[in-house]
Every structure is written in C-alpha cells, then in structure tokens.
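Reader: Could you walk me through this one? I'd like to see how each answer is worked out.

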Amino acid sequence: MQDADAAWDSFLLGYSLTGVVAILDSLQLNYPSSKQYINKPFRVIILLLAFIASVNVWRGVWSMYDNFLFPRVTPVLNYTLSALLAY
C-alpha cells in the first residue's frame with residue numbers, strides 16, 4: 001500500500017467513524033433506560049470509537065500534508081519541508 005492510499009483511507013475511515021460516533025451518541029442520549037450496566041459500557045465504546053476516529057482523521061490529514069504538499073521533490077525533502085512549515 002502506498003502512503004497516498006493510506007492517507008485517503010485513514011481520512012475517510014476517520015470521518016466515517018465520526019459519523020457513526022455522532023449517531024451512537026445521540027442514540028445513547030435518547031435511550032430511556034437508566035440501567036448503568038448498559039449505559040456505562042455503551043459510553044466507553046462510544047469514547048473509544050471517537051478516539052480511533054480522531055486519530056485516523058489526523059493521520060490522514062498529516063499523511064496527505066506530507067505526500068501532497070510538494071509532490072515533485074524527493075520524499076526526504078518533502079517530509080523535511082512539511083515538518084519545518086508545521087512550526
């Protein structure tokens with residue numbers, strides 16, 4: 001798998017999971033049950049999915065930044081320039 005493919009895959013996966021997390025969170029808020037043995041594990045699953053989604057979005061963004069900022073230069077120079085421009 002190429003770096004560019006991984007960038008797009010991570011970006012799309014992250015935003016897809018963000019949509020799933022938003023739907024699950026709204027379902028959890030509107031769930032009428034007050035049973036803690038159901039609500040707490042469900043909340044933990046939502047938090048873990050939200051964490052994975054945010055990591056994938058930022059991995060995709062930084063991979064695209066690294067690969068597509070200066071596409072005609074060597075990868076080492078591209079990574080160096082993108083790291084320097086990030087400051």
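Reader: What is the handedness of the crossing of H2 and H3, left-handed or right-handed?
Author: This is a predicted model, so that is what we're reading from here. Helix H2 covers residues 36-68 and helix H3 covers residues 75-86. Where H2 and H3 cross, the handedness is right-handed.

Reader: Which residues of H3 does H2 meet?
Author: Start on the H2 side, where Trp62, Tyr65, Asp66 and Asn67 make the contact. Sorted by class, the contact of H2 with H3 has 5 nonpolar, 3 polar and 1 charged residues. Their partners in H3 are Asn78, Tyr79, Ser82, Leu85 and Ala86.

Reader: Which word describes how H2 and H3 are set to each other?
Author: Two packed helices are described by the angle between their axes and the distance between the axes. Here the axes of H2 and H3 come within 8 Å, and they cross at roughly 120°. Roughly perpendicular runs from 65 to 115 degrees and roughly antiparallel starts over 145. The angle of roughly 120° fits neither, so the word for H2 and H3 is oblique.

Reader: How many aromatic pairs are there, and what kind of pair do phenylalanine 11 and tyrosine 15 form?
Author: The count comes to 1 aromatic pair. In the pair of phenylalanine 11 and tyrosine 15, the rings sit 5.0 Å centre to centre with 70° between the planes. Planes over 60 degrees apart get their own label, so this pair is edge-to-face.

Reader: Where do phenylalanine 11 and tyrosine 15 lie?
Author: They're 4 residues apart, which is about one turn of the helix. Phenylalanine 11 has a relative accessible area of 22%, so it counts as partly exposed. Both phenylalanine 11 and tyrosine 15 lie in helix H1, residues 3-29.

Reader: Is asparagine 56 buried or exposed?
Author: Asparagine 56 is in helix H2. Leaving out residues up to four places away in sequence, it touches Ser10, Phe11, Leu13 and Gly14. Its relative accessible area is 13%, and the limit is under 20%, so asparagine 56 is buried.

Reader: How far apart in space are leucine 49 and leucine 69?
Author: Leucine 49 is found in helix H2 and is partly exposed, at 22% relative accessible area. Beyond four places away in sequence, leucine 49 touches Leu17, Val21 and Leu24. Leucine 49 and leucine 69 are 20 residues apart in sequence, and C-alpha to C-alpha the gap in space is 29 Å.

Reader: What is the relative accessible area of asparagine 39?
Author: Asparagine 39 also has its place in helix H2. Skipping residues up to four places away in sequence, asparagine 39 touches Gln28, Tyr31, Ser33 and Ser34. Asparagine 39 is buried, and its relative accessible area is 13%.

Conventions: Residues numbered from 1 in each chain as written. Predicted model: local features only at pLDDT ≥ 70, side-chain atom pairs only at ≥ 80, totals over all residues. Heavy atoms only, no water. Axes fitted to C-alpha atoms, helices over the stretch in contact; angles between N-to-C directions. Helix = DSSP H or I, 4+ residues; strand = E, 2+ residues; numbered from the N terminus. Parallel < 35°, antiparallel > 145°, perpendicular 65-115°, else oblique. Left-handed = near helix turned anticlockwise from the far one by under 90°. Contact = heavy atoms within 4.5 Å. Nonpolar A, V, L, I, M, F, W, Y, C, P; charged D, E, K, R; others polar. Phe/Tyr/Trp six-rings, centres within 6.5 Å; stacked < 30°, edge-to-face > 60°. Buried < 20%, exposed > 50% of the residue type's maximum accessible area, 1.4 Å probe, protein only.
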